[in-house]
Structures are given as C-alpha cells and as structure tokens.
Amino acid sequence: MAERRRLDDTFARLRREGGRALIPYFTAGDPSLEVTRLLVEEADARGADVIEVGLPFSDPLADGPTIQRAGARALASGVSLAKLLPVVASLQGQVKAPLVLMTYLNPLYRYGLEAAARDLAKAGFAGLIVPDLPLEESPPVERAARAAGLDLVYIAAPTSGPERLRRIARQSRGFVYLVALTGITGERPELPPDLVALVRDLRAVTTKPIGVGFGISTPAHVAEVVRSADAAIVGSAIVRLVESLAGDPALVRKVGDFIAALKAATRPGSSPASRE
C-alpha cells in the first residue's frame, strides 16, 4: 500500500481534484485500543482524508459530554500515550490518510515535549492539535514539533479578531482548525448562522486549508460546511455511535458506513437537503 500522505500532500491533492476533506475523530482506546486500530483502518478504507485520534485526558476542557465519557472509559482501561504509540506504529503501511493526534498539554509535558514529538513522528503521526495551547505559550511545543517534522495545527475561534486570526494562520501548519461555535464539542441540530462569515474572515488572512469542527454531526452538516471550507471535522457524532454500538460485532462496519456517508457529502454535487 502507498506510503501515508502528509497533510500538505493531502490538501494539495484535494485542491487539484476540486475535492474537500472529511476528518473523522476517534477517542483512542474507546472501547479498546485494538478497536481504535480497526476503526482507523476502516475510516481510511471508507474515504477519510485525514484521521484525528484523541488521547484521553482527565480534564478535557474543550470536550462535551460524549467525548468526556469516551475519555473516562479509555482512561479507566489504562490508555496512555505510551500505549497508543505502538498501536499507531502498527498502522504504517496499512493506512494512507495522515493521522493527527489531538491532546492536551499536560500529557505532552509529562512525557517530555521533545520525546513526545519525536515518538509521535516515529509512530507515524503527521500532525498535532493541542486545544489548550495559547498562541503566546506555544514556542516550546512549536520547536519540538518542527524538530520532529510534525505539523502543529492551531485552533481559531469565533471570538478571534482579525489580527489574532492572522497570527494563528501564520503559525499553523497543515491546516487551520476553525471552531464553528463558542463552547465545547458536541452534536448540534443546526450549524451556526454565521459560519460562512467566520470562514470568509479566516480565508481573508490565509491561503492555508481551513478545517471546521465542533457541532458538525450529519452528512447535511458536512455538505454545508464544505461549501466554504476545505474540510469538515466530525467528532462527537462518531464517538456517540461507537458508544451506542458497544458489544456489537458489527461496530466497525457500522461506523464505517456512517463515515462513508459523511465522505459522500464532501463530493461535488452533494447538497445539504439530500444528505439528511
């Protein structure tokens, strides 16, 4: 199988093809690390362009109840960065989509910034997202990530003004993660009405790809998001589906079916009305 793509390669290919990216999120170790490995393989096979893996953490300030529950289950079973790394390493040569780790600062500091970045890259991660990393405090993480060849993806919020958006976009590598709403992750019945304006404001200060996350729950949402953004990031809806299928031998296939439907909504000609 082809070597795993980097983030820049993936978005460049999509731009050439006129496509948009689907980025699904899984909580590592929920319901087990072995199932996480199978889910990542399945997501790749079903068309995911980038795959986000969340490291469970005891104080996930950006995460809503669904991902909090998943993280608590994973922590209770002993999941850690050290245990995740060999699972991800085993996917090299099996998965072509680039993998991005979402983690909070504390696990990186406990592991050691330089060592964490080096071992993440060695395991095959292409990027890193740290939601509680303020721009002003990012240089140590930035240096470690660059030295290891990891793309540090920064998060832009609806409350970020023009100058801060410019700074975030300048620093971010791979893509810029735009939070669609104020608050925590979680499924929402509708996307915020100002989302197009948020994307437009960020697009005005950068040519880098823009991925939109938080609250994107359905194929219809995905189709709406990719009309203005380069990628749709879906987390809680997938994590909730994994939770609801606990013990089902068809869990991986059923999650794969949902991811395939989400990916179909990124393709040209997809419309929100037809993807409910």
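Two strands count as paired if DSSP finds at least two bridges between them. With that in hand, the sheet of this predicted model is easy to lay out: it is an open sheet of nine strands, in the order 5-4-3-2-1-9-8-7-6, and the pairing is parallel. At the edges sit strand 5 (151-153) and strand 6, each of which pairs on one side only. For strand 6, the link to strand 7 consists of two bridges, and the two strands run parallel. One residue pair can be picked out here: A156 has L178 of strand 7 as its bridge partner.

Right by this edge of the sheet comes helix 8. Helix 8 spans residues 162-171, and its buried residues are L165, I168 and A169. Looking down the helix axis, these buried residues fall within an arc of 95°, so they line one face of helix 8. As a bit of background, an α-helix has 3.6 residues a turn, so residues three or four places apart point the same way. As for what the buried residues of helix 8 pack against, the partners are strand 6 (155-156), strand 7 (176-179) and helix 9 (195-203). The loop between strand 6 and helix 8 holds S160. This serine has a relative accessibility of 15%, so S160 counts as buried, the cut-off being under 20%. Leaving aside residues up to four places away in sequence, S160 touches L165 and I168, both of them among the buried residues of helix 8.

Now for helix 4, which covers residues 81-89 and has L81, L84, L85, V87 and V88 buried. Quite a mix of elements covers these residues, including helix 2, strand 2 (51-54), strand 3 (99-102) and strand 4 (125-129). Helix 5 (105-111) and helix 6 (113-123) are also part of that cover.

Helix 2 turns up again in a helix pair. Generally speaking, two packed helices are described by the angle between their axes and the distance between the axes. Here, helix 2 (residues 33-45) and helix 12 (residues 251-264) have axes that come within 9 Å and cross at roughly 35°. The crossing of helix 2 past helix 12 is right-handed. On the helix 2 side, V35, L38, L39, E42 and A43 make the contact, while helix 12 brings in L251, V252, R253, V255, G256 and I259. Sorted by class, that contact has eight nonpolar residues, one polar and two charged.

Two loop residues have backbone geometry worth a look. P31 is found in the loop between strand 1 (21-27) and helix 2, and the peptide bond leading from D30 to P31 is cis, with omega near 5°. This proline has a relative accessible area of 40%, so P31 counts as partly exposed. P31 and A246 are 215 residues apart along the chain, yet their C-alpha atoms are separated by 7.1 Å. The other residue is F214, in the loop between strand 8 (210-213) and helix 10 (219-225). Its phi is near 80°, a positive value in a residue other than glycine. F214 counts as buried because its relative accessibility is 9%.

Notes: Residues numbered from 1 in each chain as written. Predicted model: local features only at pLDDT ≥ 70, side-chain atom pairs only at ≥ 80, totals over all residues. Heavy atoms only, no water. Axes fitted to C-alpha atoms, helices over the stretch in contact; angles between N-to-C directions. Helix = DSSP H or I, 4+ residues; strand = E, 2+ residues; numbered from the N terminus. Left-handed = near helix turned anticlockwise from the far one by under 90°. Contact = heavy atoms within 4.5 Å. Nonpolar A, V, L, I, M, F, W, Y, C, P; charged D, E, K, R; others polar. Buried < 20%, exposed > 50% of the residue type's maximum accessible area, 1.4 Å probe, protein only. Arc of directions from axis to C-beta.
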